[in-house]
Amino acid sequence: MLEASFLDLSERNAEDGALSVWPAWEVREHGGTLSWLYVRLDFPDGAGVDALAVVSDGGSVCVEEIRAHPALSLDDLAVLADWIEEPLLEVFWAGERAAGRAPVPAAHHDDPGTSRAARRRARPAWPRGAEGRLLLAREYRAAQEAGADPVLAVMRATGHGRRRALGLIARARDAGLLTPRHARG
């Protein structure tokens, strides 16, 4: 009998569970394909996860719905994403090949020189510390001079959202790389 309040996937191995993926439906539009796939992960102790995910022909995966018994913690969601991403892409690309459509893009080939996490990273690499603040200040000032939104320029350059970009800008101001935000008098 399962008596846990959370599933705690970080304490389990993916190999201990039975993972199955099967197609739900597919939409082809404007030369692209979106496929919805069901995912089921069952463990011998009765714990399980059911999910519905969307995979695009660009190779992106989006999980739309998750049901788990017992419930998943936020950390478990990250672990689950790592466990199901590759099987989802494999099923998607197998379906695309069977239908005679696009081959697997180069970004999804196993490249021994690139880690899986690095292939998944949507955010560009951005240096930390003083070097990152200096580059950020340059981006900010270049956008200001061009008459563009400097915060948006920093967001594009770093790949972070608005809140995180504003925090980075504040750190660059504190380091004296940007002018103070308000004149104090």
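Here is a short walk through three helices, α3, α4 and α5, and how they sit against one another. Keep in mind as you look that this is a predicted model.

Let's start with helix α3, which runs over residues 129-146. With its 18 residues, α3 reaches 26 Å from the first C-alpha to the last, close to the 26 Å you'd expect at 1.5 Å a residue. Now look at which of its residues are tucked away: Gly-132, Leu-136, Ala-137, Tyr-140 and Ala-143 are buried. If you peer down the axis of α3, these buried residues fall within an arc of 135 degrees, so they line one face of the helix. Turn to the face pointing away from that buried side, and you'll find the exposed residues Ala-130, Glu-131, Glu-145 and Ala-146. Just after α3 comes Gly-147, and its phi is positive, near 80 degrees.

So what do the buried residues of α3 pack against? Their partners are α4 and α5, which brings us to that pair.

Helix α4 covers residues 150-158 and helix α5 covers residues 162-174. The two pack at an angle of about 105 degrees, and their axes are 9 Å apart. Angles of 65 to 115 degrees count as roughly perpendicular, so that's the label for α4 relative to α5. On the α4 side, the contact is made by Val-151, Val-154, Met-155 and Thr-158. On the α5 side, Arg-162, Ala-165, Leu-166, Leu-168 and Ile-169 do the job. Sort the residues of this contact by class and you get seven nonpolar, one polar and one charged.

Definitions and conventions: Residues numbered from 1 in each chain as written. Predicted model: local features only at pLDDT ≥ 70, side-chain atom pairs only at ≥ 80, totals over all residues. Heavy atoms only, no water. Axes fitted to C-alpha atoms, helices over the stretch in contact; angles between N-to-C directions. Helix = DSSP H or I, 4+ residues; strand = E, 2+ residues; numbered from the N terminus. Parallel < 35°, antiparallel > 145°, perpendicular 65-115°, else oblique. Contact = heavy atoms within 4.5 Å. Nonpolar A, V, L, I, M, F, W, Y, C, P; charged D, E, K, R; others polar. Expected span 1.5 Å × (residues − 1). Buried < 20%, exposed > 50% of the residue type's maximum accessible area, 1.4 Å probe, protein only. Arc of directions from axis to C-beta.
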